[in-house]
Amino acid sequence: MLRCLFYIVLAAMMTRSAWAESHALIVVGLAGEAAQWKIYQRELAGWEKLLVSNGIEKSRLTIIQTPENKAEAQGASTRDKVKLHLEGWRRNLKEADDVFLILIGCGVTRNDQYQFQVRGPRLTGKDFCEALRPLKTRSLTVFATGPGGAGLAEALQASRRVIISATAEGTEINQTQFGLFWIEAAAENPHSPILNLLRATEKKVAGFYEGQRLVRSEHAQLRIGRKEPIEAPFDIALKPEILQQWTLAAPSFPSDGTVLARKADGLKKTTPSSSGHPTADSAKISAPDLIKEDYRQNRVRPSTVEEKEILARAPKPSDYPREDGVILWKSVRSEVAEDYSVRETHEYRILVFNMRLRHLLDRLIVPSYGGGMRLLRLKTITPGGKTIEVFTEDMRTHPAGKDDQGTPETIPFFAPGVILGSIVDYAYEVSAPRPSFSAFYDETYLQEKVSIKDLTYQLSYSKKFPLKTKLHGPVPADNKTEETPYATVQSWKWRDLPARVEEPDSVYRDVRSLCVMAGSYKGWKEFAEWARRIMRGAAASSEAIRETACSLTRNLKDDDAKIRAVFDYVSSLRYVAIEMGANAFRPHTANSVLMRQYGDCKDKANLLIALLNEAGISAQFALVARARPFDESFVGFQFNHAIAVTRRPEGLLWLDATDEACPFGMMPPGDPGQRALVFEKDDEHFETITPFADWYDPATRCEVEMEWPSGNEIARGKAVVQLGGFPDYFWRSRWRHSSSMDVERELFHYFRKVWHPVTVKTVKIAAPESLSQHMILEAELEWPVQFSDKPVVTWPGPLLPLNREVDGWKRQTTQQLNEGYPLAFEQKMVIKMPGQRFSFPMDGEKSGQVGKYLSFKVTTRQEKGGLIRRSTLKVSNPEIPVVIMEEVRKNLDAWALATEAPVDLPGQ
């Protein structure tokens, strides 16, 4: 009897231990500075205490921290450690287990790929997906408490997963408050349901931004399985038993549709009553429909006489044959208060020809500075005489400086009941508090991707703090200025405004489109004083800075060599943007960047300046509007990039250490041709950024040497290509950020595509040792030779150095060849013919020129022992005006045809 009881108890214990366990992995990423590292440590300590109090044994809780300084980094990279641990989960965890993955740190989404910032190789969304896809545990709960977490959430969303991110956008990079407030809320009641903790955290986050009078820069999201994300304030209703059971101790969330509805703050059913107003109804609303509708309540009513007249006067699709719709009316009213806080009212009336018009219908776009939002009107007038109207009184109204519904860029309300021929009529109001600058500056872009029949923009501002304005784009049909006792009101009106021109290779300096600039700066001197204040002390030296500068320049007597050595060092540091608080404008200290070995554009420029100054070379900051329009005549914060500059005997030497793959002596794409504000001592002035230093060789040279076969079958030889200018940057970027095998495979396919008569056997990269050396490519080739009574040599075309094929040039704006860089390309092909089998002279030449923009020359010569064809192309000015595009295209075609033109040889 006792033995039987013993086995029963033992079996029960074994069953319980084998049934379910909870495991957790906490990964701590890079911090921008020491203060941020301390915040990460506070959050980490809170998570440890919280998880242990909810029953996770310390042996099942793993912490992987990214070393704070480079000197502390030893052994495997953080990425490898995390992937190894997740692989252990896959092998060892049971289907009944629950697991937590918690990321504390900064993430960002670039080129649709999530990246979590750790030392060494970044942890990407692809890494997490591949590691977690085979995991068959009962649940996986992911917390991304830092910036950009929504990018990870989108990558990992799947069934049996609950993902909580502090942000609703993967591109959000500002510091988040969610992590610490979550720990604070959980510390008050560690066993509270997860949903209740989320609601409590949201209240604390909202209170923080409102109390600090800051623009809300984070909007937490909850993703349950594959359902639509639920955004703060998480006012969804759960069955009481589910709500109480869903805790950190039991994180598995049932997937049986237990999300019933959002909280009933006077919700009404959408069915209209006889009076045309919705009636209360207790009918159940399914969770997916309700989440998609975003607690919006509609009514369907007959269109009014005015609405029917609007529909009757609407143009026909044949009036706009190339467009998916037209904006019948758009109005923007902007009010700037005395403290420079802003309130804007936007009104649209959009006629729909094609449902491809998603960019205007799926989400209503608001200015990027975020702030408070209030929906004023949203309705759809259908061709059938019905109007579907949203009840704005049933929606949440957001106070100024607090936007807890969606991201700063978009409002998640969808146009209801849209069909072809419908008119969507909506209006919303947005607001933003006082800006961080010493004065006011704003740009309002008004054109859209479709035509606008009537457009009105109105700007009002206090007489105590008047604004300057400037208009770019089409001349308005009417503009006026009115004076009231307290304010000045300026207004502009346009009629039949065309759609915004968007062409792939447009010169960005010429494509500002319709824009109204407004600002209160008196001059660039005032702006420069503000910029100097926030940058003061950032480039201060330290013992580490002095030692590093000394080690980099030791035994280098020439200043140019010192600059080259320092530039190579700073460029090799990783680009990591942790732009939190004041560091969105102010660089981290040079010593901090040196210790952590990473930084954004202004951080790397700051370190470069500090090291050069210690090496006895004066260097300064320069602010740039990179790859965007810039108006030097209007003062304001139009800049988005920071670089360094030093004055040499031959002139200014521009140094952009941001791009890890840009060769020394060349400015990365987006910089050349732009005007930069240079800070030299107590003076500030504008200079134009040159694409190359005077001594840099931008030429790309291709030399091919083939041996004519004795059996008249296949010629064999090799090609050596020295890349320069943009082609060098183009392939170096791929080589720098991919494996050599992948790049060589890409080059192999590129060679075969361009040199179609030639069989490419192998391609190799002679990797440069530094950014100061050119990239060299080597290829082994086989060239079929066809003989008959009249032999012909078919030459391969040019190894085209342009970044993309030249199309029909049916453009409306100035275009860029070669990404806007001057180009020098030389191709030399030699066919050796042993025994001088052919002595027939076959010299020939083809050339062409288009003014100061482009010239080419192709020559074929018979020399002792073989044939030589030289092909050269020079693009002196790569910005091609519309009027000469066709001529440029014809010359490029003529150059290509001359390069590959066959040569007839006489018989033997």
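These are legends for a handful of close-up views of a predicted model.

**View 1. How confident is the predictor along the chain, and where does that confidence drop?** Mean pLDDT for the protein chain comes out at 80, with 82% of its residues at 70 or more. Residues 1-18 are one place to be wary, since pLDDT stays under 50 there. That stretch has two contacts beyond four places in sequence. Residues 363-370 also stay under 50, but here the model has 36 contacts beyond four places in sequence.

**View 2. Helix α16, residues 601-614, is mostly covered**. Twelve of its 14 residues are buried, and the run goes C601, K602, D603, K604, A605, N606, L607, L608, I609, A610, L611 and L612. Note that the list takes in K602, D603, K604 and N606 alongside the likes of L607 and I609. Does the length add up, or what should the helix span? At 1.5 Å a residue, α16 should span 20 Å, and its end C-alpha atoms are indeed 20 Å apart, so the two agree. Just past the helix, G616 takes a positive phi of about 85°.

**View 3. Helix α14 covers residues 559-572**. With 14 residues, α14 reaches 20 Å from first C-alpha to last, close to the 20 Å expected at 1.5 Å a residue. At its start, a side-chain oxygen of D558 comes to within 3.1 Å of the backbone nitrogen of D560. The buried residues of α14 are K562, I563, A565, V566, F567, D568, Y569, V570 and S571.

**View 4. The largest nonpolar core has 52 residues**. Which residues have the most contacts inside it? They are F527, L607, L608 and L655. Helix α16 supplies the largest share of this core, eight residues. Zoom in on L655 and, leaving aside neighbours within four places in sequence, you find it in contact with I563, F567, L608, L612, I643, A644, T646, F664 and M667. Of these partners of L655, I563 and F567 are among the buried residues of α14, while L608 and L612 are among those of α16. Apart from this core lies another, of 50 residues, including V721, L723, I765 and L867.

**View 5. Strand β37, residues 776-784, pairs with β35 and with β36**. Strand β35 (residues 714-722) runs antiparallel to β37 over nine bridges, and Q722 has I776 of β37 as its bridge partner. Strand β36 (residues 759-766) is also antiparallel to β37, joined to it by seven bridges. In that pairing V760 has L781 of β37 as its bridge partner. As a reminder when you look at side chains, in a regular strand they alternate between the two faces of the sheet.

**View 6. R349 sits in strand β15, residues 342-352**. Is this arginine buried or exposed? R349 has 18% relative accessibility, and because the cut-off for buried is under 20%, it counts as buried. Not counting residues up to four places away in sequence, R349 touches I310, V326, I327, L328, W329, I423, V424 and D425.

**View 7. E650 lies in the loop between β30 (641-648) and β31 (651-655)**. At a relative accessible area of 41%, E650 is partly exposed. Which residues does E650 touch, once those up to four places away in sequence are set aside? The answer is D694 and W695. E650 and D694 are 44 residues apart along the chain, yet their C-alpha atoms are separated by 7.8 Å.

Notes
Residues numbered from 1 in each chain as written. Heavy atoms only, no water. Helix = DSSP H or I, 4+ residues; strand = E, 2+ residues; numbered from the N terminus. Expected span 1.5 Å × (residues − 1). Buried < 20%, exposed > 50% of the residue type's maximum accessible area, 1.4 Å probe, protein only. Polar contact = N/O pair within 3.5 Å; in protein donor to acceptor, adjacent residues only side chain to side chain. pLDDT = per-residue confidence, 0-100. Contact = heavy atoms within 4.5 Å. Core = buried A, V, L, I, M, F, W, Y, C linked by side-chain atoms within 4.5 Å. Pairing = 2+ DSSP bridges.
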